[in-house]
Amino acid sequence: MSSSNSQSSTIKAPWIPPGYKQTDVGVIPEEWGVNVVGEAFEVRNQLRLPISQTVRERMSGPYPYYGPTSVQGWINEYRVEGEHALIGEDGDHFLKWRDQAMTLLVSGKFNVNNHAHIVKGSKNLTAWFYWYFANRDISGSLTRQGAGRYKLTKATLLKLPCAVPPLPEQRAIAEALRDVDGLLGGLDRLIAKKRDLKQAGMQQLLTGQTRLPGFHGEWEVKRLGDFGKCLRGVSYKGDSDLSTHDTPHTKRLLRSNNVQNAIIVTDEVQFVNAARVSSHQILQQGDILICMANGSKALVGKAGIFTLSDGHEYTLGAFMGCFRTNSAEANPTFVFYLFLTAQYRDYINNLLAGSSINNLRPSSIESLEFSTPPHPEQTAIASVLTEMDTELAVLEQRREKTRALKQAMMQELLTGRTRLV
């Protein structure tokens, strides 16, 4: 026997656990079936109501008007009633299936535009279609319509294969996933409430409208330059001064994309030649990183406080600035919260108004004026707001863990790897 034949004779089929079978949609329990959508569900596109935004504005009312991923408006009549699942007919959302659900589950009285298919379960649960296709990659079945746009025709939808458990198992799986969705929704609402409370607290405390117990006296109007200095970032020679990783001769370089929602993140950090970095451009704890120049005016002025302590030395890019507070003159965290106020944003917008160049100078930052309390009250205010931020961070971490749990549950339950009945 030739060596090639010997090798081919040793190739084994993938091992399938007892009680499971190989199908077009992967390995599933033997009790589960596989049907195309057209056999397992009813597509009710005849109920769609394609109307323009102009017409919708003249029909304002209480009934939601859905597109493929969200409510597009509210009108005074409805065509669809009861529980239905929606999946997009066209759009760019098909490319985001890992992070964004491809389906909606809608109940009540509502309308759907002509960019979403309407699916109803009769032999199977409508919710099973919703969950099964929520984060499923169906890009191989789509028609390309142009850059980033794809179309899922009704004919293609009807032919999509779908694993179908017995109805009792569909109900158990849908209920379990609905429960974790409810937990996520509750966390979202709690986080939104806490954020609103923080914004209100900032407005009250940073303007002196509300005083903390034990503090009295007048506040003084001061320039940020009275509290510290704004430094400019590192200039370097393109790729020749950059490395792909940490070396003994590089510093970690932070740019605009490393400031997200007032937090410094180290995703996509760059590594710059240390010879280009002056000693005062090494970031210190409490430094405020500021986007000084950007193609988008909305991003100019965004700021985050530097608190990283991972053993690496960080610096900042040429289009960034760093406000370094003299801690003897002001509390650095209090000063950072000033950068998150509406007053600060108004200052920045006024500085950029009428200019075609979205660029701030260090002197622009240092000249900004705020009414500020004495140092002890600054510290007390900073402590209250920091406690609010810490509480928010804990809730957001809990939400991320719950999202990860949901994804793991979907992977297990929708494939039958874990059985509930």
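A charge sits over a ring if NZ of Lys or CZ of Arg is within 6 Å of the ring centre and within 35 degrees of the ring normal. I start there for one contact in this predicted model: R136 lies over the face of Y132, 3.8 Å from the ring centre. Y132 also belongs to an aromatic cluster, together with W32, F41, W128, F129 and F133.

Staying with aromatics, a search of the whole structure gives 13 aromatic pairs. One of them is F323 with F339. The ring centres are 6.1 Å apart and the planes meet at 45 degrees, so this pair is tilted. It links distant parts of the chain, 16 residues apart: F323 is in strand 26, residues 320-325, and F339 is in the loop between helix 7 and helix 8. F323 has 0% relative accessibility and therefore counts as buried. F339, at 4%, counts as buried too.

That loop takes us to helix 8, residues 342-352. Which residues of helix 8 are buried? They are Y344, I348 and L352. Down the helix axis, these buried residues fall within an arc of 70 degrees, so they line one face of helix 8. An α-helix has 3.6 residues a turn, so residues three or four places apart point the same way. On the other side of helix 8, A342 and N350 are exposed.

What do the buried residues of helix 8 pack against? The partners are strand 23 (288-291), helix 7 (332-338), helix 9 (362-366) and strand 27 (369-372). After helix 8 comes G354, with a positive phi near 80 degrees.

How values were computed:
Residues numbered from 1 in each chain as written. Predicted model: local features only at pLDDT ≥ 70, side-chain atom pairs only at ≥ 80, totals over all residues. Heavy atoms only, no water. Buried < 20%, exposed > 50% of the residue type's maximum accessible area, 1.4 Å probe, protein only. Helix = DSSP H or I, 4+ residues; strand = E, 2+ residues; numbered from the N terminus. Arc of directions from axis to C-beta. Contact = heavy atoms within 4.5 Å. Phe/Tyr/Trp six-rings, centres within 6.5 Å; stacked < 30°, edge-to-face > 60°.
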